[in-house]
Each structure stands twice: as structure tokens, then as C-alpha cells.
Amino acid sequence: MSIDEAARHRLFNRAAEVLGQEEAEILMAHLPPGGWPNLATKQDILSLRQELLALEPRIVGQLKAYTLRTVLVANLGMVGVFAGIAFTAAGFGS
């Protein structure tokens, strides 16, 4: 049986009849909104951690390559601009 919002609402109403409003709110506050099967276990989290750790070297390598390309392109652009300024200042541009 899947637990939907209507079922949770029925449970809350019945708990409020039997236990009282405040106690029913306390009970519902301790139940997961999506049901117990939707909660992550410690094993789920450890498995995700291992997957992320396995991806780390590849991500770091890609970041280094991207940074290197960015620095090289920026430096080449600056060299071109300064060369243009130097040629213009020396009178070679015309």
C-alpha cells in the first residue's frame, strides 16, 4: 500500500480523535513525508560517497585543463593587443 497525502490526512484525523490534536501533530512530525522507503540509508550515502570520490580525479583534471586553456587564451590575447600597441607606437602599423 502506498502512502499518499490523503492517507496521511486520514491518519492524522484519526490520531487527533484518539490522542488529541497536539499528540497527533507530534506523531505526524516524526513520520517521513514520502514514506520510509524514500529515506536514504547509511549504505546509500556511503555508496554515493564512493561514486563521488571516484569522479574526483576526472573532475580535477578537467578543471586544470580548463584553467590552463583559459590562461593561455587570455595571455595570447594580451600579447596580441600589446604587440598591436607597440607596432602602432613605433610607426610600423601604417
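This is a short dialogue about reading helix packing, salt bridges and burial in a predicted model.

Visitor: Let's start with the packing. How do people describe a pair of packed helices?

Guide: The usual description of two packed helices gives the angle between their axes and the distance between the axes. In this model, helix α1 (residues 5–19) and helix α2 (residues 21–29) pack at about 140°, their axes being 7 Å apart. That makes the pair oblique.

Visitor: And which hand does the crossing of α1 and α2 have, left or right?

Guide: The crossing is right-handed.

Visitor: Which residues of α1 and α2 meet there?

Guide: From α1 you have R8, L11, F12, A15, A16 and L19. Their partners from α2 are Q21, E23, A24, E25, L27 and M28. Sorted by character, the residues of this contact are eight nonpolar, one polar and three charged.

Visitor: Let me pick M28 from the α2 side. Is M28 buried or exposed?

Guide: M28 has 12% relative accessibility, so it counts as buried. Setting aside neighbours within four places in sequence, M28 is in contact with R8, L11 and F12. If you like C-alpha distances, M28 and A15 are 13 residues apart along the chain and their C-alpha atoms are 9.1 Å apart.

Visitor: R8 turned up in that list. Where does R8 sit, and what does R8 touch?

Guide: R8 belongs to helix α1. Not counting residues up to four places away in sequence, R8 touches I3, M28, L31, P32 and P33.

Visitor: Why does R8 count as buried?

Guide: Because its relative accessibility is 15%, and the cut-off for buried is under 20%.

Visitor: Now charges. What is the general idea behind charge pairing?

Guide: Side chains of opposite charge can pair when their charged atoms come close. The count here comes to two salt bridges.

Visitor: Which residue forms a salt bridge with R8?

Guide: That would be E5, with the closest N and O atoms 4.0 Å apart. Both E5 and R8 are in helix α1, three residues apart, which is about one turn of the helix. Their surroundings contrast: E5 counts as exposed because its relative accessibility is 56%, while R8 counts as buried at 15%.

Visitor: And what about R14, which residue does its side chain meet in a salt bridge?

Guide: The side chain of R14 meets that of E17, at 3.1 Å from N to O. R14 and E17 also share helix α1, again three residues apart, about one turn. As for accessibility, R14 and E17 are both exposed.

Visitor: One last spot: where does T41 lie?

Guide: T41 is in the loop between α2 and α3 (42–90). With 41% relative accessibility, T41 counts as partly exposed.

Visitor: How far is T41 from A15 in space?

Guide: They are 28 Å apart, C-alpha to C-alpha, with their positions 26 residues apart in sequence. A15 also gave us that 9.1 Å C-alpha separation from M28, and A15 is one of the α1 residues meeting α2.

Note on methods: Residues are numbered from 1 along each chain as its sequence is written. This is a predicted model: local features need pLDDT of at least 70, side-chain atom pairs count only at pLDDT 80 or more; totals for chains, interfaces and linings use all residues. Side-chain values use heavy atoms; hydrogens and water are left out. Helices (H or I, at least four residues) and strands (E, at least two) are DSSP runs, numbered from the N terminus. Buried means under 20% relative accessible area, exposed over 50%, partly exposed in between (1.4 Å probe, protein chains only). Contact means heavy atoms within 4.5 Å. Axes are lines fitted to C-alpha atoms, for helices over the stretch in contact, and angles run from 0 to 180 degrees between N-to-C directions. Angles under 35 degrees count as roughly parallel, over 145 as roughly antiparallel, 65 to 115 as roughly perpendicular and the rest as oblique. A crossing is left-handed if the near helix is turned anticlockwise from the far one by less than a right angle, and right-handed if clockwise. Ala, Val, Leu, Ile, Met, Phe, Trp, Tyr, Cys and Pro count as nonpolar, Asp, Glu, Lys and Arg as charged, and the others, Gly among them, as polar.
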